[in-house]
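Hello,

Here is the structure I promised to pass on to you. Please have a look at it first, and then read my notes below.

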Amino acid sequence: MSVLQSLLVIVALIAASAFFSIAEISLAASRKLRLRQMMEEGDARAEQVMRTQDQPGEYFTVAQIGVNAVAILGGVVGEGALTPFFSSWLELWLSPERAATVGFLASFTLVTSLFILLADLSPKRLAMAEPERLAVLVSHPMAWLTALFKPLVWLFGKLANGVATVLGLPTVRDDRITSDDILAMAEAGTRAGVLAEQEQQVIENLFELDTRTVGSAMTQRDRIAFFYRDDSDDIIRARIAEEPFSTYPVCVGDIDHVVGYVDAKDLFQRVLNNLPISLADDALVHKALVVPDRLTLAEVLLQFRQAHEDFAIIVNEYSLVVGVVTLNDVMSTVMGDLVGPVSEELIVQRDETSWLIDGITPIEDVERTLDLEPLPHPGEYETLGGFLMVMLRRIPRRTDKVRWGQYQFEVMDVDSYRIDQVLVTLVDTAPTASGSSDAG
């Protein structure tokens with residue numbers, strides 16, 4: 001065989017090896033969602049690729065047989081054709097023995113480099129860039145080769161399954177999609193410009209509904225606007241004007257004895273019709289949904305759906321009212337910055353190294369904004385104020401400071417034992433292993 005003929009054979013072998021490399025990587029990298037979309041658009045080959053992904057053993061066996069057999073054959077052809085050529089040329093400067101050795105090394109290096117570059121790296125990069133499109137293109141040829149090499153495929157498949165069983169390795173790909181997979185895809189979509197940052201945040205917030213407790217979204221006890229059952233018409237009208245809300249709890253004696261709630265729409269109708277307002281009227285006061293404060297937001301949504309309500313009273317283990325929550329509160333937690341006026345922001349960035357944060361801000365929002373690792377003593381608090389109480393082991397006072405990692409948390413304002421404002425500052429020191437606190 002002449003040198004030219006040998007080079008043509010090597011080119012053909014490189015093309016064959018590139019085909020098997022593309023077939024292998026494109027199948028592994030193809031996404032089920034994209035293949036399902038292609039199938040719905042009428043491409044029957046996409047369905048064949050999906051079936052192959054469910055049982056990929058024979059497919060990969062054929063690909064590996066092809067890649068290795070072609071590479072070995074390419075080495076044999078290259079060594080037989082190119083070594084004599086290089087050796088005869090090198091004999092002009094080297095001894096015959098040394099020229100033969102260097103000629104073999106030159107032949108080996110050239111053929112190996114061509115296979116690595118043109119039969120391995122380049123095809124695999126192409127297959128990673130367009131996995132679904134290439135997977136459907138090679139699906140039919142790979143099916144024919146699988147049928148052609150059926151005996152070898154069966155033999156090597158059995159041997160590979162035996163080795164996998166002995167080593168405890170899985171033989172079927174797990175295609176279950178987890179929340180981490182979806183969040184990773186959303187993050188990748190944001191980096192690629194497909195999703196806006198706010199849209200990515202909505203997706204992350206949605207998955208947090210199963211971990212956030214209702215306390216992170218409720219209106220705190222000291223901010224609840226409520227009526228007593230025996231409030232007069234004048235008091236009710238004055239409170240509506242002073243604190244306009246959509247729903248008001250109705251209590252007897254104190255806020256911990258809730259007998260129901262009244263809808264602002266019913267009150268407005270009476271006002272517009274010049275009718276007196278009396279909360280002693282059972283037709284005006286509705287039965288309130290009461291839920292424990294340990295529920296997650298996802299569980300609260302389920303309670304809303306089952307009870308056909310959008311308002312709930314939150315009580316603790318001692319049956320004391322700790323807050324109220326509405327469907328709008330839960331959805332605002334999901335939508336984040338996409339809803340709500342700027343004046344209601346709980347976290348305000350003052351400059352590149354400091355933030356002014358309301359004490360009732362959910363601790364998850366603080367961790368996300370400051371890009372913090374989970375803070376210490378998780379589960380013992382739900383808000384930034386609760387974190388400071390746990391760290392100080394007492395009720396915080398103005399100028400109290402807590403250091404954690406690279407951040408300093410300073411209490412700026414306290415109102416009736418409730419932390420109103422906290423100044424968080426990024427300090428120019430390395431992260432500490434634990435938090436510290438000091439009182440001003």
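**What I found**

Of the 440 residues in the chain, 39% are buried. Please keep in mind that this is a predicted model. Its secondary structure comes to 15 helices and 13 strands. Among contacts with a separation of 6 or more, 58% link residues that are 24 or more positions apart. The chain exposes about 25500 Å², and carbon and sulfur atoms supply 59% of that area.

**The cores**

A good place to begin is the largest nonpolar core, which has 29 residues. Within this core, F115 and M142 touch the most other members. Six helices each supply at least two of its residues: α1 (3-29), α2 (32-40), α3 (44-54), α4 (57-90), α5 (96-129) and α6 (131-148). The most comes from α1, which gives eight residues.

If you zoom in on M142, you can look for its partners beyond the neighbours within four places in sequence: they are F19, F20, A23, Y59, V62 and A63. As general background, nonpolar side chains tend to be buried together in soluble globular proteins.

Another core, of 23 residues, lies apart from the largest one, and its members include W355, F387, V402 and V411.

**A sheet with a helix across it**

Next, please turn to the open sheet of three strands, where the order is β2-β3-β4 and the pairing is mixed. Its edge strands are β2 (227-228) and β4 (254-263), each of which pairs on one side only. Strand β3 (residues 247-252) and β2 pair in the parallel sense over two bridges. To find this pairing on your screen, start from Y228, whose bridge partner in β3 is C251.

Helix α11 (residues 264-272) lies across β2, β3 and β4, and it runs at about 65° to β4.

**A proline in a loop**

Following the chain on from there, you will find P276 in the loop between α11 and β5 (289-292). Is P276 buried or exposed? It counts as exposed, because its relative accessibility is 60% and the cut-off for exposed is over 50%.

P276 still has partners beyond its neighbours within four places in sequence, since it is in contact with D233 and R270. D233 is 43 residues away from P276 along the chain, yet the C-alpha atoms of the two are separated by 6.4 Å.

I hope this helps you find your way around.

Best wishes

How values were computed. Residues numbered from 1 in each chain as written. Predicted model: local features only at pLDDT ≥ 70, side-chain atom pairs only at ≥ 80, totals over all residues. Heavy atoms only, no water. Helix = DSSP H or I, 4+ residues; strand = E, 2+ residues; numbered from the N terminus. Buried < 20%, exposed > 50% of the residue type's maximum accessible area, 1.4 Å probe, protein only. Contact = heavy atoms within 4.5 Å. Areas by Shrake-Rupley, 256 points an atom, 1.4 Å probe, with all protein chains shown as cover. Pairing = 2+ DSSP bridges. Axes fitted to C-alpha atoms, helices over the stretch in contact; angles between N-to-C directions. Core = buried A, V, L, I, M, F, W, Y, C linked by side-chain atoms within 4.5 Å.
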